[in-house]
Amino acid sequence: MKYNYIIINYGNEIYQYYYKDINKLEYAYFDFGYPYNTLLRLLMKLHFSPKVNRLISLPNKQFWIKRHIKKLKKVYESMQKKYDGICFILFSDCLFMEKYGLNKWIKHYFPGAKVVYYFQDLIEKDQLKINFIRDKNPSVDLIMTYDGKEAQKYNLYQHNLPYSNLNELSSKNALIKYDVAFVGLAKDRLNEIRAAYKILSKKGLKCFFYVVDPQNKQTNILDENFVISNKNMGYLEYLNIINKSKCILEIIQKGSSGNTTRVNEAIEFDKYLLTNNTSLIDNPLYESRYMFVYECLDTFDINKINGQVAYKNKGLLSPDKFLQDVEKELNKRYDK
C-alpha cells in the first residue's frame, strides 16, 4: 500500500528545518507547533503542566487532542490525496499525550490509519520511551529510532535522520572564519568537549565552541572562542557559524551509535566532519574523503581539513526518501 502522510511535532524549532521539504510533497503534511495560536499554546502548556496538576488535577485534557486531530482531519480533506492509505508519524514530544488517548483519537477520526513513532534521540536515557516500548501499545504500527544499537536492543526499525535542502541558507562564498566548530548541549560530555577544544587549538586550528549547559547560572567565556551558556543558540545562528567553518565536530553522547544531525549538516553544507562515532563507517552516508572518525584526537592529522568538499550522497537525506523507506517497512510488515 502507498500512503499519504501527516507528521506531528509539537514545537521543536530544529525540526522545521529538517522536515521543511515535507510540505512540498503533494502526499504529505508537516504539522508543527500546535496550538498555532500563542495564547492557546500557553493555555495548553498550563493545562498539562506537572507543577499545576500537582496542586490541582485539571480535567478534560483530551480536549486538546480531539481539537488537534479534528483540525488535521480538515487539513487531510483539503490535501490532494495521492494514495489510498494514511500514515501518521509522531515524534518523541507526542509521547506525553499517549496517556490521554492520542492514538485512540487518531484512529477514531482516521479509521485504518497507520501510526508510527520516530525517536530521534536516545531511548536509554528516557524512561517514558522505555516504558512505551515495553508496553507494546497495539495501536502503534511501527516504532523507529535513529540509533542502530538501540534498534537492535529494542527490536526497532532504524533510520538515519532526514534533512531538507537548505540551499537558501547555504553561503558557498562565506568568508571562512573557523577551522572547526562545535555547538551542542553539554549532556554527559563536557570534559570531552573541553579536551577536544584544547587539543585542536594546540594543533593550530582556530576553533569555535558553544556549549549549552542548563546547570550553568551564567554565560562563561573560557576563551575568546569557547563559550559555556545556559541559553540555546538559535538554529539560524548556528547555521551561520557552520557557513563560516571548514569542519564540524561531532561528539556523541555515551551509549549512542546513531548519526546526529551534524552528519546531515556536513553533507548539506559541504563541510568536513570530525567525529568520534565509530559506527559511522558502516553507514551509507559515510564518505571517507570528507568524514574523519577518530578514537584519539591527539593523533588526528589536521592537514586532512583542507580543500574543496563536495558530497555525492545528498539524495539519501531527503524527507521524500525517508517517507519511501517508512512505506517499504510498513508494507514489509503488514502487506502479506
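**Exercise 1. Find the strands that helix α11 lies across, and place them in their sheet.**

Start with the helix. Helix α11 (residues 319-334) lies across β1, β2, β3, β4 (114-119), β5 (142-145) and β6, at about 115° to β1. Helices (H or I, at least four residues) and strands (E, at least two) are DSSP runs, numbered from the N terminus. Contact means heavy atoms within 4.5 Å. Axes are lines fitted to C-alpha atoms, for helices over the stretch in contact; angles run from 0 to 180 degrees between N-to-C directions.

The model is predicted: local features need pLDDT of at least 70, side-chain atom pairs count only at pLDDT 80 or more, and totals for chains, interfaces and linings use all residues. Residues are numbered from 1 along each chain as its sequence is written, and side-chain values use heavy atoms, without hydrogens and water.

Now order the strands. The open sheet of 6 strands reads β2-β1-β3-β4-β5-β6, with parallel pairing. β2 (28-32) and β6 (157-158) are the edge strands; each has a single partner, so one side of each lacks a neighbour in the sheet. Two strands pair if DSSP finds at least two bridges between them.

Zoom in on one pair. β1 (residues 3-9) and β3 (residues 85-91) are parallel over 6 bridges. Y5 stands opposite C87 in β3.

Add a second helix. Helix α4 (residues 62-78) lies across β1, β2 and β3, at about 145° to β1.

**Exercise 2. Count the disulfides and check C94 and C247.**

Apply the cut-off: a disulfide is a pair of cysteine sulfur atoms within 2.5 Å. The count is 0 disulfides. For C94, the nearest cysteine sulfur is that of C87, 13 Å away. For C247, the closest is in C207, at 9.1 Å, too far for a bond.

Then check burial. Buried means under 20% relative accessible area, exposed over 50%, partly exposed in between (1.4 Å probe, protein chains only). C94 is buried, at 0% relative accessibility. C247 is buried too, with a relative accessible area of 0%.

**Exercise 3. Describe the surroundings of helix α9 and the largest pocket.**

List the buried residues of α9 (residues 235-243): Y235, Y238, L239, I241, I242 and N243. They pack against α1 (13-18), β7 (178-185), β8 (207-212), β11 (245-250) and α10 (261-268).

Turn to the pocket. The largest has a volume of about 1100 Å³. Its lining has 40 residues; N12, I14, Y18, L185 and K187 are the closest to its centre. α1, β7, α9, β11 and α10 each give two or more residues to the lining.

The terms: on a 1 Å grid over the protein atoms alone, a pocket is an open set of points where a 1.4 Å probe fits, with protein on both sides within 12 Å along at least five of seven lines; lining residues have an atom within 4 Å of a point. A volume is the space filled by probe spheres set on the points, which are joined across faces, edges and corners.
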